[in-house]
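Got your viewer open? Here's a short walk through a model, one selection at a time.

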Amino acid sequence: MDWLMEHENDPDIDEPYVPPAGHTLGTTEEQSQSPTEPSESTEVAEQEGDPKQPRSEEERKEQVKRLEELMKIRQEERRERERKEEIEREKQRRKQGQDLLHVKQKLQDDEMKKLADQRRREKMEDKLAKQRVKEKIARDREERARKFGGGSSSMGLSSPPSEAPLQSPPENQEASHPKKDYDDCRIQVRLLDGSTLSNVFKAQEPLAAVRVYVQMNGANGQDFNLITPYPRRVFTDLDMEKPLCELGLVPSAVLVVIKK
């Protein structure tokens with residue numbers, strides 16, 4: 001057993017054991033004696049039952065067979081141990097791979113959630129901004145309607161009707177009203193990509209209504225300014241509150257979108 005433990009890693013450990021030819025026990029003098037005439041020491045060993053007496057060929061073969069079986073058992077145990085270690089290492093590798101995959105998946109899920117929340121917030125902010133613009137336009141319309149309606153009624157109450165204008169000739173009436181009042185205004189807008197938008201607005205609507213219409217139909221989220229090509233005029237934020245009739249865009253006009 002000690003010899004097997006010491007020579008376990010020898011390259012020829014798996015080869016069958018072959019005893020050396022002509023190997024005998026005893027001294028040279030004993031080998032020179034005739035096999036038919038046993039030596040005195042051999043006779044004494046046989047009589048006294050000496051345990052160190054030479055073994056027979058069958059015993060040596062039996063011993064070699066036991067050693068071979070023992071070596072096979074040890075080899076099987078080593079193979080089984082190596083197989084279990086390999087299985088355990090494979091389990092560890094798979095577990096580490098699964099843990100790494102879970103970490104990557106969690107990071108991707110967190111990133112997707114962040115992007116989704118950001119897009120949701122941006123959409124909500126755009127929606128609120130458009131709603132505020134619409135509410136402001138509606139308030140401006142109401143204020144202008146009240147202002148113009150109240151002004152006309154007050155003028156009608158303060159100044160009594162006179163007969164002189166009614167009795168004036170038609171030429172004087174045409175001279176006093178040389179311009180025709182328009183209630184509608186057709187606006188054509190040329191976008192950045194060369195396409196055009198066209199819509200009809202009220203003459204009393206502010207320029208901000210045209211800007212909102214462009215934002216909702218062709219601006220694609222870009223910030224821009226509106227200009228008139230000829231004569232060239234760039235409309236500012238202050239102009240957005242003015243009605244179209246005051247800006248000289250009635251009865252029709254062409255506006256161009258430029259980058260801000």
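How many cavities of 30 Å³ or more does a search of the whole structure find? It turns up 1, and keep in mind as you look that this is a predicted model.

Start there. Select Leu4, Glu8, Ile13, Asp14, Met71, Arg74, Gln75 and Arg78, and you have the lining of the largest cavity. Its volume comes out at about 100 Å³. Colour the lining by residue type and you'll get 3 nonpolar, 1 polar and 4 charged. Now show helix 4 (residues 57-158): with 4 residues, helix 4 gives the most to that lining.

Next, hop over to the strands. Pick strand 5 (residues 252-259) together with strand 1 (residues 184-190); the two run parallel, joined by 5 bridges. For a landmark, find Arg186, which stands opposite Ser252 in strand 5. Then add strand 3 (residues 224-229), which runs antiparallel to strand 5 with 4 bridges between them. Here the residue to click is Phe224, standing opposite Lys259 in strand 5.

Stay on Phe224 and bring up Arg211: the charged end of Arg211 sits over the Phe224 ring, 4.4 Å from its centre.

Last stop: rings. The structure holds 1 aromatic pair, so-called edge-to-face, made by Phe201 and Tyr213 at 5.8 Å centre to centre with 85° between the planes. Phe201 belongs to strand 2 (residues 196-202) and Tyr213 to helix 7 (residues 207-217), so the pair ties together parts that are 12 residues apart in sequence. Switch on a surface and check Phe201: it's buried, at a relative accessible area of 6%.

Note on methods
Residues numbered from 1 in each chain as written. Predicted model: local features only at pLDDT ≥ 70, side-chain atom pairs only at ≥ 80, totals over all residues. Heavy atoms only, no water. Phe/Tyr/Trp six-rings, centres within 6.5 Å; stacked < 30°, edge-to-face > 60°. Buried < 20%, exposed > 50% of the residue type's maximum accessible area, 1.4 Å probe, protein only. Lys NZ or Arg CZ within 6 Å of the ring centre and 35° of its normal. Pairing = 2+ DSSP bridges. 1 Å grid on protein atoms, 1.4 Å probe; cavity = no way out; pocket = protein on both sides within 12 Å on 5 of 7 lines; lining within 4 Å. Points joined across faces, edges and corners; volume = space filled by probe spheres on them. Nonpolar A, V, L, I, M, F, W, Y, C, P; charged D, E, K, R; others polar.
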